[in-house]
Amino acid sequence: QQQQQQQPYLQHQPYVYQHPPASAYTSPPRSQPPPAVLPAPALSSPERPRAPSEAASPLKINTEGMCEAIVEDSVSTVVTLSRRLKSIRIARAAWAQGNVKRALELIADSNDRSVALDVFNLLLLRPGLWTLDLACTALPCLHLLIVDRRDNFVLCLCAMTTMLTKLFSNVVLSNLATPPPKGCADISREERYEKCVVLFNGLSDIKRLAGQFRTDNAKTTAAIRKLMLALDEFRM
């Protein structure tokens, strides 16, 4: 009993909820005032969108340059073809009258290599038309073909020169071997001799220039070799 009296009786006291102070619900005092709202920077006015015609794109510039180049080439082509057509009409008028010599003279005066090429391709099919006088007249046109080193021009030049060599080699060599005496009354013989000299010198020039041709085309190389052999047999 004494021990029970010495230990006091523990009594459970009810729990009392304590409300937090009012200061807990209030925001703490601000040490610094809130930052002022800065005004937004003034935006520059947007650029006006360019029209398609105003946009300078590299593709458009290249296209315009190509169009200008095509137009210039077309103009030059039209001028060349017009001049060539005029030369063909003039030569054809003389050809239609049966004056082949006059046609060759007109072609030589026009200085048009393409027209000379077309006419020679026709004359290659008609060897019976050739005379010594016509061969001498054709020499200036043959020299037009020498200037152009394209294969079709070189082939035509070799074919024409080879044909002339075979047709007139005997006539030229015989007349050069027996020139007419001075004061000869035979005018036709003197004229024939002068034409043989002209043809001989012209073919000699062609041989010299043709020997300088260099090409990778096997057909053209064979034609040049054939021409050189024909001129060698001509003793030139």
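**An all-helical chain and its side-chain contacts**

The protein chain has eight helices and zero strands, in a model that is predicted. Read from one end of the sequence to the other, the pattern is simply α-α-α-α-α-α-α-α. Of the 236 residues in the protein chain, 27% are buried. The accessible surface adds up to about 17,600 Å², and carbon and sulfur atoms account for 57% of that. As for how the chain meets itself, take the contacts between residues at least 6 apart in sequence: 68% of these join residues at least 24 apart.

Next come the pockets. Rolling a probe the size of a water molecule over the atoms shows where empty space is left. The largest pocket has a volume of about 150 Å³. Its lining is made up of I88, A91, R92, W95, V115, D118, V119 and L122. Two elements, helix 2 (58-96) and helix 4 (113-123), each give two or more residues to that lining.

Helix 4 is worth a further look. At its start, a side-chain oxygen of D112 comes to within 3.1 Å of the backbone nitrogen of S114. S114 itself is on the list of buried residues of helix 4, together with V115, A116, L117, V119, F120 and L123. Two of these names, V115 and V119, also turn up in the lining of the largest pocket.

Charged pairs are a second theme, with eight salt bridges found in a search of the whole structure. One of them links the side chains of R102 and E105, with N and O 3.4 Å apart. Both residues sit in helix 3 (residues 100-110), three residues apart, or about one turn of the helix. R102 counts as partly exposed because its relative accessibility is 37%, and E105 is likewise partly exposed because its relative accessible area is 29%.

Helix 7 (residues 187-210) holds a pair with that kind of spacing: D205 and R208 are three residues apart, about one turn of the helix. Their salt bridge has its closest N and O atoms 3.9 Å apart, a fit with the 4 Å cut-off for such a bridge. With a relative accessible area of 31%, D205 is partly exposed, and so is R208 at 48%. Elsewhere, salt bridges that share partners tie K101, D133 and K195 into one network.

Another residue of helix 7 is K207. K207 counts as buried because its relative accessibility is 17%, and the cut-off for buried is under 20%. Between K207 and I224 there are 9.6 Å in space, C-alpha to C-alpha, although the two are 17 residues apart in sequence.

A further salt bridge joins the side chains of D148 and R150, at 2.6 Å from N to O. D148 belongs to the loop between helix 5 (132-147) and helix 6. The two partners fall into separate classes of accessibility: D148 is buried, with a relative accessible area of 8%, while R150 counts as partly exposed at 47%. The pair also registers as a polar contact between side chains, at 2.6 Å. Setting aside residues up to four places away in sequence, D148 touches R113, F153 and V154.

Helix 6 (residues 151-177) includes T165. T165 counts as buried because its relative accessibility is just 3%. Within this part of the chain, the T165 side chain reaches the backbone oxygen of T161 at 2.7 Å. Beyond neighbours within four places in sequence, T165 is in contact with L203, A230, L231 and F234.

Methods:
Residues numbered from 1 in each chain as written. Predicted model: local features only at pLDDT ≥ 70, side-chain atom pairs only at ≥ 80, totals over all residues. Heavy atoms only, no water. Helix = DSSP H or I, 4+ residues; strand = E, 2+ residues; numbered from the N terminus. Buried < 20%, exposed > 50% of the residue type's maximum accessible area, 1.4 Å probe, protein only. Polar contact = N/O pair within 3.5 Å; in protein donor to acceptor, adjacent residues only side chain to side chain. Contact = heavy atoms within 4.5 Å. Areas by Shrake-Rupley, 256 points an atom, 1.4 Å probe, with all protein chains shown as cover. 1 Å grid on protein atoms, 1.4 Å probe; cavity = no way out; pocket = protein on both sides within 12 Å on 5 of 7 lines; lining within 4 Å. Points joined across faces, edges and corners; volume = space filled by probe spheres on them.
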